[in-house]
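Open the model in your viewer and keep the selection box at hand. The stops below go from the whole chain to single side chains.

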Amino acid sequence: MASTRPEPHRAAIYSTAFIAFFAIAGIAVVDPILPVIGLEIGASTWQIELLFTAYIAVMAIGMIPAVIATGRFGYKAVLSAGVSVVAVAAILASISTGIGQLAALRGLWGLGNAMFFATAMVLLIALANDREWAVELFETCLGLGFAVGPLIGGLLGQISWRVPFFVCGALMVVALVVSLTRLKNPDEAPKQLHVGEVFSLFRRPAFRTICLITATYNFVFFIVLGYTPVFLGLGVIPLGFTFTAWGVGLAFGILVVGHRMAARLGAVQTVAFAIAGLVVALVLLATSVGTAESIVVLVLAGVFMGINNANLTDLALGLGSPDRGVTTGAFNLVRWGFAAPAPVIAGLIAPASARAPFWLAAGVLLIGIATFAWKGSAMAAELGERVLWSRRPVATSVVTGRAAQAEQAEKVPADALTGA
């Protein structure tokens with residue numbers, strides 16, 4: 001993957017993408033070792049799900065302060081500080097003795113990743129001449145992180161559940177060295193962000209619509225990511241390979257399918273299709289009769305999730321403020337904030353029925369489908385797109401709308417996870 005333009009900051013761009021890979025791998029590394037952690041520490045299902053909820057909740061809360069700090073201290077300082085926090089949290093997690101300590105350290109880990117994700121994509125866009133190449137590079141690293149993270153967790157977790165945490169910490173130390181020696185701030189300093197600007201964005205009806213849809217989707221994303229390892233009941237290595245396959249499906253949806261579908265159908269219709277497909281996958285998970293069937297459906301769900309991840313943030317950026325800091329701050333607050341309770345809720349209702357979390361997820365996602373049916377045409381019209389289920393006339397063509405969205409993306413960076 002090479003840029004079509006001269007890139008004087010190529011080393012800094014590759015370094016940022018390299019760090020992004022390890023940051024995402026660190027999220028996914030926990031999946032295969034969740035059941036082992038619960039068994040060895042003596043934690044219940046909802047307690048081990050705290051490892052996801054604490055991480056996501058602190059990440060949601062920390063996003064806006066991280067963006068504000070970027071305006072004051074610069075991209076490199078905040079990003080490097082975030083990498084340092086993740087390294088310390090991961091290494092301490094490897095020697096923790098109880099579920100409370102481990103959850104608290106995962107929360108600290110989430111704070112570090114908030115500092116990273118609040119800066120990484122914006123930094124890439126600011127440094128690159130070929131912004132499309134920079135976005136594709138970042139998305140590739142995110143997809144690979146979700147694919148490789150579970151494999152690391154599975155292979156190392158057979159030694160001890162502590163080893164994956166320690167190795168993640170060691171890799172983040174390497175990432176810290178890279179960030180300190182290779183990264184640089186762009187010539188243009190980041191704009192100071194005010195909290196009032198972030199919340200004022202929710203006054204826009206179309207932006208509220210995409211936020212509601214994203215809230216339902218991210219709630220479901222982390223039920224699948226956090227609860228399915230417990231549901232499958234596999235050993236550490238089989239779980240590692242299973243979620244690596246899921247990560248490959250996710251990467252395929254992001255890198256191969258998502259943007260191509262949006263170019264043909266429009267981003268709004270593409271997301272509607274992917275959410276409908278994910279509902280079907282959740283129903284199949286809830287009614288599956290064997291482990292093999294569940295794994296196949298899980299990988300299929302990963303493809304639909306990847307399609308969503310490739311387009312939801314693009315839609316938010318097209319419907320939000322021209323100021324990228326304001327839009328990403330508001331959007332990150334919604335998507336991570338609504339994702340945070342999902343793993344613990346799944347763990348709390350699982351004792352009543354092991355399949356209940358999937359039924360809950362399908363029900364929540366139906367809210368997203370209902371929102372599409374109600375408001376999707378208005379949202380599409382604002383972007384110059386048209387949806388099949390609407391007779392609303394569109395003043396501009398789909399091509400024009402996508403061009404406007406692409407122009408917006410030049411100002412505001414797309415972010416693939418953080419449709420994790």
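Helices (H or I, at least four residues) and strands (E, at least two) are DSSP runs, numbered from the N terminus. This is a predicted model, in which local features need pLDDT of at least 70 and side-chain atom pairs count only at pLDDT 80 or more, while totals for chains, interfaces and linings use all residues. Residues are numbered from 1 along each chain as its sequence is written, and side-chain values use heavy atoms, with hydrogens and water left out.

**Whole chain.** Show the cartoon: the protein chain has 17 helices and zero strands. Its C-alpha atoms fill a box of roughly 60 × 50 × 40 Å along the principal axes. Of the 420 residues, 60% count as buried; buried means under 20% relative accessible area, exposed over 50%, and partly exposed in between (1.4 Å probe, protein chains only).

**Loop between H4 and H5.** Select Ile95, which is found in this loop. Ile95 is exposed, at a relative accessible area of 58%. Now add Val88, Leu92, Leu108 and Leu111: with Ile95 they form a nonpolar patch on the surface, with about 400 Å² of accessible area together. Such a patch takes residues with over 30% relative accessible area and no salt bridge, joining nonpolar side chains (Val, Leu, Ile, Met, Phe, Trp, Tyr) within 5 Å and like charges within 9 Å. A salt bridge here is a side-chain nitrogen of Lys or Arg within 4 Å of a carboxyl oxygen of Asp or Glu. Areas come from the Shrake-Rupley method with a 1.4 Å probe, and for residues only the protein chains shown count as cover. Helix H4 (75–93) and helix H5 (99–117) each supply at least two of the patch residues.

**Aromatic pairs.** A search of the whole structure finds 19 aromatic pairs. Rings of Phe, Tyr and Trp (its six-membered ring) pair if their centres lie within 6.5 Å; planes under 30 degrees apart are stacked, over 60 edge-to-face, and the rest tilted. Select Tyr14 and Trp133: their ring centres are 5.8 Å apart and their planes at 85°, so the pair is edge-to-face. Tyr14 lies in helix H1 (residues 10–28) and Trp133 in helix H7 (residues 131–157), so the pair ties together parts 119 residues apart in sequence. Tyr14 is partly exposed at 33%, whereas Trp133 is buried at 3%.

**Charge over ring.** Keep Trp133 and add Arg10, whose charged end sits over the Trp133 ring, 5.4 Å from its centre. The criterion is NZ of Lys or CZ of Arg within 6 Å of the ring centre and within 35 degrees of the ring normal.
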